[in-house]
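The following account is a guided reading of a protein model, intended to be followed with the coordinates open. Please consult the structure shown here before proceeding.

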Amino acid sequence: MPIGYSLKPSGLLDRLYRWISKTSSKYSGGAEQLPPPEAMAGYLKAQRLAYAAVQHVGKLLRVGMTEQQATELLETYLREHGTERYLHRAFAWFGEHSRFDGYQDYADYHPSSRELRANDVAILDVSPVVDGYIGDVGYALSLAPNPDLSRAKDFLLKLREDIPKLFASAMTAADIWADIDRRIHAAGFDNIHAKYPHCVLGHRVFRVRPRRGKHLRIGTRSFGWFSLETNLKFLKFGLSAALTPEHIGNKLGLWAIEPHIGFAGGGCKFEEVLVVESHSCYWLDNEVPHVVEAQEKRA
């Protein structure tokens, strides 16, 4: 499918894809089943490891470092802290890459030889598997003060406050996607997650079989950046596992929510796990870096 999203389908194949996506989102394959309360500690551990990795590497970034070098540091940190497994391999995007400028297909999203410049925004994204539990986070930063990034972070924090209310409402996931898209454009930003595969605002997280060692990968392009094990799990769940503009199925379950916005020369995102229950909706953890940093700034 092409990169990007438009309200109007681009042709017959696009209309067919949207119909399939909308219809299949109703059939979850068990993806909406909530884990037992004791499992939440496993997801929390995985998410906190992911945040520890991006914060650690964020402090190591230097002018001239490449995206590939940054991802090597991320994966080294995860190995040294007990996991070589992942939902997807680490991503790093610098400067215009943090808003996907110039990308022609999904293979372009892989870390490149692009070097970090002094005024660039950097986005780091990792998804370790810890004891079978998946954590998936995104973290935006800059080496020098960046007013555009600060404004984007403020907008995303307000959006973070509202997202649980949206999921707790009668809105479908498709309605939520459209509402957030409107908010992004009204605030003067570009919707960058509309350029993700299937234009996802988020995806489900789940548990895979606990074991040591690396995940098996097949291929080296877009499909190969994800582990075979987790790809097979996503295939089982189908498009109910992706929060697309067509998703009208059950919202219950655990979601990695990842609003990604753009401005001139850069982008900004956060990603963390949202718990959607039948009578409540809340973030898995409120001690996440983008929240803590904002609180410290206000103090």
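The paragraphs below treat an annotated span, two sheets with the helices that pack on them, and then a pocket and a cavity.

The model is predicted rather than determined by experiment. An unreviewed UniProt entry places the feature "domain: Peptidase M24" at residues 44-206. Within this span, helix accounts for 41% and strand for 15%. The C-alpha atoms at the two ends of residues 44-206 are 12 Å apart.

A sheet of three strands offers a convenient starting point. This sheet is open, its strands follow the order S1-S2-S5, and the pairing is antiparallel. Strand S1 (91-94) and strand S5 (137-142) are the edge strands, each of which pairs on one side only. On average, and with direction ignored, neighbouring strands in this sheet are turned by 15° against each other. Six bridges connect strand S2 (residues 121-126) with S5 in the antiparallel sense. In this pairing, Val121 is placed opposite Ser142 of S5. Helix H2 (residues 40-60) packs on the sheet, where H2 touches S2 and S5. The direction of H2 makes about 20° with that of S5.

A second sheet is also open, with four antiparallel strands in the order S7-S8-S11-S12. Strand S7 (202-204) and strand S12 (281-283) each have a single partner strand, so one side of each is left without a neighbour in the sheet. From one strand to the next, the twist averages 25°. S7 and strand S8 (residues 253-257) run antiparallel and are joined by three bridges. Here His203 stands opposite Ala256, a residue of S8. Helix H4 lies across S8, strand S11 (272-276) and S12, and runs at about 150° to S12.

Several of these elements recur around the second largest pocket. This pocket holds about 390 Å³ of space. Its lining comprises 19 residues, and those nearest its centre are Ala140, Leu149, Lys153, Glu293 and Lys297. The elements that contribute two or more residues to this lining are H2, S5, helix H4 (147-168) and helix H7 (289-298). Divided by class, the lining of the pocket contains seven nonpolar, six polar and six charged residues.

The last feature to consider is enclosed space. How many cavities of 30 Å³ or more does a search of the whole structure find? The search finds one. About 100 Å³ of space lies in the largest cavity. Among the residues that line this cavity are Gly138, Tyr139 and Ala140, together with Lys153, Leu156 and Leu157. The lining also includes Cys268, Lys269 and Phe270, as well as His290 and Glu293. S5, H4, strand S10 (266-269) and H7 each give two or more residues to the lining of the cavity. By class, this lining consists of six nonpolar, two polar and three charged residues.

The pocket and the cavity may also be read together. Ala140, Lys153 and Glu293 are among the residues nearest the centre of the second largest pocket, and Ala140, Lys153 and Glu293 also line the largest cavity. S5, H4 and H7 are among the elements that give two or more residues to the pocket lining, and these elements likewise give two or more residues to the cavity lining.

Conventions:
Residues numbered from 1 in each chain as written. Predicted model: local features only at pLDDT ≥ 70, side-chain atom pairs only at ≥ 80, totals over all residues. Heavy atoms only, no water. UniProt positions renumbered as here; feature names shortened; annotations may be inferred. Pairing = 2+ DSSP bridges. Axes fitted to C-alpha atoms, helices over the stretch in contact; angles between N-to-C directions. Contact = heavy atoms within 4.5 Å. 1 Å grid on protein atoms, 1.4 Å probe; cavity = no way out; pocket = protein on both sides within 12 Å on 5 of 7 lines; lining within 4 Å. Points joined across faces, edges and corners; volume = space filled by probe spheres on them. Nonpolar A, V, L, I, M, F, W, Y, C, P; charged D, E, K, R; others polar.
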